[in-house]
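User: I am new to this structure and would like a close look at a single part of it, namely the aromatic rings and what surrounds them. Please take me through it carefully.

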Amino acid sequence: MSLEVFKNRLESLGCIIIEAEGTLNVDVDVDENKISITLTDEWKQAIDNFYKARQYRFDVDQRVLMANRSAEFQLTRLDPGYFFRNEHKFEDKKGNIIHISPATKEFLLSYYESDRYETTFNRIKERIHRRCKFRQNRARSDSRVRFRVDDIMMVFHTARYIAKRKPRNEDIGAVAVDRIRACLFSLAQSKGECWEISHDIKSRGLVLTQPLDDDSEVMSIPSACYEASVVSYYKVAKSSQFPSQVFLSYYHILEYHFLRVADETLFSAVRSKLNDPTFQVNYDSVSKLVATIKKNDSTVDEKKMLRDVLDKYVPEEDFIEFVSNLEQDRGEKLYSGSKQKIFGEQLSIKLEKGHALSNTSALLKHIRNALVHSSDRYSRDDCFLPFTESEEIVVKYLPLVQYMAEKVIFATAK
């Protein structure tokens, strides 16, 4: 009976199922993509137990599977290190256990029965299509491609809390989540392996790698030589999936030129005074020289230093055109509309010559401050916190700081 329910799920997704001994012959699409799913004894037992049980409660939005004495949370890997079926076990003095490992069969079957799996099944079908096409290319006589039950499931890692005894007057999920978070910190601290409970990541702002162009294209060797230091920052920005790190790495490229541009501005002003034939070493001339130095010394004002870098290396007309095209593509005034609250301040960009770069420098500097200061003068509601909705604010302005960084790299190349 339990296997019938499992089969019914595939049939509800448009598959035709014919049960054979130990396998399910599955026609995913009419006249193509024919597979056979092998049912091991372990999977048969898991399917039977799962569909007969009444204790499982799956929250598809939170990606949490609750049972009488356990709670299993889906995890997201944060660090880019290679891993395959990582497994860790934690245990306390009371006998409570936390497993960090590939998801249990109960979790996978809960997801399989959820509405979200319908969307996932489209990706599974692509996997089936690739393997069937590969088999056809090799001209094998067997018309059906062998699959395991695991092959029609998603690959998840989870943290599962198993209580020694069922908690009294306490929700198993509330008890589990605090213990799991503590274990995830311990794992990061002791082994450098970083995971986060998936539903703790409130932001959709993770930066995804752009798809690669056709590898067959022959690319041109650049005629310019780019400054190695700023290119390093650029590569960090391009390779990170965290919006705050991407933003700050692009900003570092701008910041790298702060003192250089400030010194050039000061030098030009002082040279103009000293090269004036009327300049004499007397009190009035020296006083005017000192005033000129104070007026042109921007090293105490980082906002002005940023503005000077943008003025020197970024053509304002080109920037206005870039932002206008972005807004036109999106069909809304993302940046130049009414003032928007950004980490506690109302800011906007006026797309007019004499205003665009000035407004943008103030905005970028403000976001930079919010990223590097975890408290400072910002209230709790306006503070940047990783994995929250505040990341989406940072993502929104990444195209602007990236544009500025690239213009600086191009302008300073030799």
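Analyst:
**Aromatic rings in a predicted model**

Tyrosine 403 is buried, because its relative accessible area is 10% and the cut-off for burial is under 20%. Its place is in a model that is predicted, and phenylalanine 322, at 23% relative accessibility, counts as partly exposed, since partly exposed covers what lies between the buried limit of under 20% and the exposed limit of over 50%.

In the model as a whole, the count of aromatic pairs comes to 14. One of these joins phenylalanine 50 to tyrosine 51 in an edge-to-face arrangement, with 5.1 Å from centre to centre and 80° between the planes, and both phenylalanine 50 and tyrosine 51 are buried. Phenylalanine 322 and tyrosine 403, by contrast, form a stacked pair, with their centres 4.2 Å apart and 20° between their planes. This pair links distant parts of the chain, as phenylalanine 322 belongs to helix α11 (residues 316-330) and tyrosine 403 to helix α13 (residues 390-412), the two being 81 residues apart.

Ring pairs also build a cluster, which takes in Phe6, Phe58, Phe107, Tyr111, Tyr112, Tyr117, Phe121 and Phe156.

Rings are also met by charges in this model, for the charged end of lysine 105 sits over the ring of tryptophan 43, at 5.0 Å from the ring centre, while the charged end of arginine 131 sits over the ring of phenylalanine 147, at 4.1 Å from the centre of that ring.

How values were computed
Residues numbered from 1 in each chain as written. Predicted model: local features only at pLDDT ≥ 70, side-chain atom pairs only at ≥ 80, totals over all residues. Heavy atoms only, no water. Phe/Tyr/Trp six-rings, centres within 6.5 Å; stacked < 30°, edge-to-face > 60°. Buried < 20%, exposed > 50% of the residue type's maximum accessible area, 1.4 Å probe, protein only. Helix = DSSP H or I, 4+ residues; strand = E, 2+ residues; numbered from the N terminus. Lys NZ or Arg CZ within 6 Å of the ring centre and 35° of its normal.
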